[in-house]
Amino acid sequence: MPMIPDRLFQRYTDLTPQLLRQLEIRLLLCDLDYTLAPRSVAEPDGELRAWLDGCRKAGVTVMILSNNRSSRRVETFCGELGIRYVGHAGKPSTRGYREAMAQAGENAAHTAMLGDKLLTDVLGAKRSGVLALMVEPLGGPVGAWNHVLHALQSPFKWIAKRRCRKT
């Protein structure tokens, strides 16, 4: 099913570089807001920097794939981290995924997407043929619309949790 994440994590740090290597992932695309940092956080913290360093050492390239309307936020955040990004990605369209894979010289078989929303991150990953990884939103869902979206995701996450326990 295109709306069921392949794996669920509480936080991005639960996705270890060792697990990425085990899954043969060489390119990890990440959503920014609520996945790697709450939207209210302007700069990357030490925990994120350490996690990215671990990914690099494991041979995993991390890129940001964002629908963020403000290119300034994504540019600033990625510039601080020294990582590439595709902004205005249009998720769940496959365009941004294809562009990121082309930039990194990687194929879908060795690519994963980490995000907090089913309708953009997971659906786009599934449509693009990449591994769909999902986290709970950092800082929790903010605003009425995000509360509704995250409530609607519950049944799909429940199915994913059951599938993961069986494997």
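Biologist: What share of the contacts between residues at least 6 apart joins residues at least 24 apart in sequence?

Modeller: The share is 67%. The model is a predicted one.

Biologist: What pattern does the chain follow along the sequence?

Modeller: The pattern is β-α-β-α-β-α-β-α-β-α-β-α. The chain has six helices and six strands.

Biologist: How are the strands of the sheet ordered?

Modeller: The order is E1-E6-E5-E2-E3-E4, and the pairing is parallel. The sheet is open and has six strands.

Biologist: What makes E1 and E4 edge strands?

Modeller: Each pairs on one side only. Strand E1 covers 7-9, and strand E4 covers 85-86.

Biologist: Why do E5 and E6 count as a pair?

Modeller: Pairing needs at least two bridges. Four bridges join E5, residues 111-115, to E6, residues 131-135. Four meets the cut-off of at least two, so the strands pair. In one of these bridges, Met 113 has Ala 132 of E6 as its partner.

Biologist: What lies across these two strands?

Modeller: Helix H5, residues 118-128, lies across E5 and E6. H5 runs at about 160° to E6.

Biologist: Why is Ser 128 called buried?

Modeller: Buried means under 20% relative accessible area. Ser 128 has 14%, so it counts as buried. This residue is found in helix H5. Leaving aside neighbours within four places in sequence, Ser 128 is in contact with Thr 94, Tyr 97, Met 101 and Ala 108.

Biologist: How much of the chain counts as buried?

Modeller: Of its 167 residues, 46% do.

Biologist: Which residues touch the most other members of the largest nonpolar core?

Modeller: Leu 28, Trp 51 and Leu 114 do, in a core of 29 residues. Helices H1, H2 and H3 each give two or more residues to this core, as do strands E2, E3, E5 and E6. Another core, of 18 residues, lies apart from it. Among its members are Leu 27, Leu 65, Ala 100 and Leu 118.

Biologist: What does Leu 114 contact, leaving aside neighbours within four places in sequence?

Modeller: Its contacts include Tyr 12, Leu 28, Trp 51, Leu 133 and Val 135.

Biologist: Which residues of H3 are buried?

Modeller: Arg 73, Val 74, Phe 77, Cys 78 and Leu 81 are.

Biologist: How do you know that they line one face of the helix?

Modeller: Look down the axis of H3: the buried residues fall within an arc of 110°, so they line one face. On the other side of H3, Arg 72 and Gly 79 are exposed. What covers the buried residues includes H2, E3 and E4. Just after H3, Gly 82 takes a positive phi of about 70°.

Biologist: How many salt bridges does the structure hold?

Modeller: It holds eleven.

Biologist: Why is the contact of Asp 6 with Lys 126 called a salt bridge?

Modeller: The cut-off is 4 Å, from a side-chain nitrogen of Lys or Arg to a carboxyl oxygen of Asp or Glu. Here the closest N and O atoms are 2.9 Å apart, so the pair qualifies. Asp 6 lies in the segment before E1 and Lys 126 in helix H5, so the pair ties together parts 120 residues apart in sequence.

Biologist: Why are Asp 6 and Lys 126 called partly exposed?

Modeller: Partly exposed falls between the 20% and 50% limits. Asp 6 has 30% relative accessibility, so it fits. Lys 126 has 25%, so it fits too.

Biologist: What makes Glu 80 and Arg 49 a link between distant parts of the chain?

Modeller: Glu 80 is in helix H3, Arg 49 is in helix H2, and they are 31 residues apart. Their side chains meet in a salt bridge at 3.2 Å, N to O.

Biologist: Where do Asp 53 and Lys 57 lie?

Modeller: Both lie in helix H2, four residues apart, about one turn of the helix. Their salt bridge has its closest N and O atoms 3.1 Å apart.

Biologist: Is Lys 57 exposed or buried?

Modeller: Exposed means over 50%. Lys 57 has 68% relative accessibility, so it counts as exposed. Asp 53, with 32%, is partly exposed.

Biologist: Which residues do salt bridges with shared partners join into one network?

Modeller: They join Asp 31, Lys 91 and Asp 121.

Technical notes
Residues are numbered from 1 along each chain as its sequence is written. This is a predicted model: local features need pLDDT of at least 70, side-chain atom pairs count only at pLDDT 80 or more; totals for chains, interfaces and linings use all residues. Side-chain values use heavy atoms; hydrogens and water are left out. Contact means heavy atoms within 4.5 Å. Axes are lines fitted to C-alpha atoms, for helices over the stretch in contact, and angles run from 0 to 180 degrees between N-to-C directions. A nonpolar core is a set of buried Ala, Val, Leu, Ile, Met, Phe, Trp, Tyr and Cys residues joined through side-chain atoms within 4.5 Å. Buried means under 20% relative accessible area, exposed over 50%, partly exposed in between (1.4 Å probe, protein chains only). The arc is that of the directions from the helix axis to the C-beta atoms.
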